[in-house]
Amino acid sequence: MAAHRRPRQRATGTGAARTAVALTLAGAATAAGLGAGTGHAAPEPAPAQAGATVDRLYREAEAATEKYNGAKERADSAERRLERLRDEVARREDRLNTARETLGSAAAAQYRGGALGPALRLALSSDPDRYLDGAALVQRVGTRQKAAVGAARAQLREIEQLRGAARIELAALTSRRAELERHRDTITARLAAARRLQARLDAERRARLGPDPASPSPASAASAEGRALPAPSGVPGAPGPHAGAPGSAPRTPGDPAPGSRAAAAVAYAHQKLGSPYVWGAAGPHAFDCSGLTQAAYRAAGVSLPRTTYAQIGAGQRVPRSQLRPGDLVFFYPGVTHVGIYVGGGRMIHAPNPSAPVRLAPIDEMPFAGATRVT
């Protein structure tokens, strides 16, 4: 996910300090997967440049996360269709087996009855009138058996069609799962590169400013696929003082929400301030950006699609000048990030693994559009 902070130029102090910064940041671009020629050393990035690289890596991870969410949604749908097809095949096979047993019983009865023709049976019968009544009944039964055989054949054809559809769904599901793995690998690689470069920025900051008692210890760093990684103040994507603490974001007066559902979604988002970012998560204790907005409206009784690409089309588009609390606000040209507007030019969003769910101004990222959920 994107770090959502515009990189700021920071003075590096004396010449000695600048030298220390350059040495600390040497190789940061390579660690972030940027690569350099083998014949010459890569230019050493300034802190602002390194911060921009962190921001870019988070944005790339965010785009991959939304693709992962979309692929997972499609895979889940294919899996549900496959299960329905398999259930229907099983039901049809049960009915076919019942029909086969009925036909088998009729065939056995005919065999036991012998192969005498109807004229000879009439001649040998001690009660011709009773025989004629029975012969009419047998003819009617034979007609029904012929229809039963035809129905069984039709059932066989339907079962084969269902099995063919199930094979298609299974192939689609296999493809979706492979797509999931590709996006998972991309996300993991981008986040790992961002964390490595972020660690170098943290080291540079400590070298310049000395130990920060408020900084978390390395042992408290989060795992690769889950808990939020605290980012120091002044680093792109870092929350402001107490920005992510639950209850620390006062509700901003202004236009009311356009309806009770929008108000309920905003209230839910406020309750989740400080929750960790987890890519692919949609609550209740952790979120990615579209997972947070989906969960907020789910709590309000509204079903939203899973991805930013689908959520932007899930309601009425509204211009930025007419935003109301509860509107979904989208960012970046690829519509890869979303937050929920809460009034006063601010939103609540799940930024990226470097920061928890927090309150932020909507002008800190390139605005791409807004949707009012109806």
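**Exercise 1. Locate Thr371 and describe its surroundings.**

Thr371 has its place in strand E6, where strands, like helices, are DSSP runs numbered from the N terminus, with at least two residues (E) for a strand and at least four (H or I) for a helix. The model is a predicted one, in which local features need pLDDT of at least 70 and side-chain atom pairs count only at pLDDT 80 or more, while totals for chains, interfaces and linings use all residues. Residues are numbered from 1 along each chain as its sequence is written, and side-chain values use heavy atoms, with hydrogens and water left out.

Next, take accessibility: Thr371 has a relative accessible area of 0% and is therefore buried, since buried means under 20%, exposed over 50% and partly exposed in between, with a 1.4 Å probe and protein chains only. Then look at the side chain of Thr371, which reaches the backbone oxygen of Ile312 at 2.6 Å. Finally, leaving aside neighbours within four places in sequence, the residues in contact with Thr371 include Ile312, Gly315, Leu328 and Phe330, contact meaning heavy atoms within 4.5 Å.

**Exercise 2. Work out the strand order of the sheet and find its edges.**

The open sheet has six strands in the order E1-E6-E2-E3-E4-E5, with antiparallel pairing; two strands pair if DSSP finds at least two bridges between them. The edge strands, each pairing on one side only, are E1 (315–317) and E5 (358–361). At the E5 edge, four bridges join E5 to strand E4 (residues 346–349), and Ile348 has Leu359 in E5 as its bridge partner.

**Exercise 3. Decide how buried helix H7 is.**

Helix H7 covers residues 289–299 and lies across strands E2, E3, E4 and E6. Nine of the eleven residues of H7 are buried, so that the helix is mostly covered; among them are Cys289, Leu292 and Tyr297. After H7 comes Gly301, whose phi is positive, near 90°.

**Exercise 4. Classify two of the aromatic pairs.**

The structure holds three aromatic pairs, a pair being rings of Phe, Tyr and Trp (its six-membered ring) with centres within 6.5 Å, and planes under 30 degrees apart counting as stacked, over 60 as edge-to-face and the rest as tilted. For Tyr268 and Phe287, the ring centres are 6.4 Å apart and the planes stand at 90°, so this pair is edge-to-face. Because Tyr268 lies in helix H6 and Phe287 in the loop between H6 and H7, the pair ties together parts 19 residues apart in sequence. For Phe331 and Phe367, centres 6.0 Å apart and planes at 80° again give an edge-to-face pair, which links strand E2 to strand E6 across 36 residues.

Definitions and conventions. Axes fitted to C-alpha atoms, helices over the stretch in contact; angles between N-to-C directions. Polar contact = N/O pair within 3.5 Å; in protein donor to acceptor, adjacent residues only side chain to side chain.
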